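This report looks at charged side-chain pairs and at how far their members are open to solvent.

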Amino acid sequence: DGENDEMLLWCNESERGSVCNVRVCSTNGHLVAQIADNQLIGTDDVIRWNCANAQGNLVPAGIFLIQIELITNGKKSFSEKKTCTILHE
């Protein structure tokens, strides 16, 4: 319904001082939102996305790609792509 909607990503990194990059893209690969940009994370952290695009507008219903990257000690330590589905009433 666009009210208090959030997607939560739990980060359980064993080393302190890691940074995280999280991008949300459309299924055709266009960047929708950058929800973490070299964000320093702890050993047990949460990154939140309010389902808004880069302009602050609620994204349309559909499937989105979530690109997650962790960098530890200056080197990429984790990289994964996930999907999420946004539904509206």
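## Glu 69 and Lys 76

In this predicted model, Glu 69 has a relative accessible area of 16%, and because that value lies under 20%, the residue is classed as buried. Its partner in a salt bridge is Lys 76, and the closest N and O atoms of this pair are 3.4 Å apart. Lys 76, by contrast, counts as exposed, its relative accessibility being 55%, so the pair joins a buried carboxylate residue to an exposed lysine.

## Arg 48 and Glu 6

A salt bridge also connects Arg 48 with Glu 6, with a separation of 3.0 Å between the closest N and O atoms. This contact links distant parts of the chain, since Arg 48 belongs to strand 4 (residues 45-49), while Glu 6 sits in the segment before strand 1 (7-11), and the two residues are 42 residues apart. Glu 6 is partly exposed, its relative accessible area amounting to 44%.

## Glu 80 and Lys 82

Glu 80 pairs with Lys 82 in a further salt bridge, in which the closest N and O atoms lie 3.0 Å apart. Glu 80 is partly exposed at a relative accessible area of 28%, and Lys 82, with 43% relative accessibility, likewise counts as partly exposed.

## Overall count

How many salt bridges does the structure hold? There are three, namely the pair of Lys 76 and Glu 69, the pair of Arg 48 and Glu 6, and the pair of Glu 80 and Lys 82.

Definitions and conventions
Residues numbered from 1 in each chain as written. Predicted model: local features only at pLDDT ≥ 70, side-chain atom pairs only at ≥ 80, totals over all residues. Heavy atoms only, no water. Salt bridge = Lys/Arg side-chain N within 4 Å of Asp/Glu carboxyl O. Helix = DSSP H or I, 4+ residues; strand = E, 2+ residues; numbered from the N terminus. Buried < 20%, exposed > 50% of the residue type's maximum accessible area, 1.4 Å probe, protein only.
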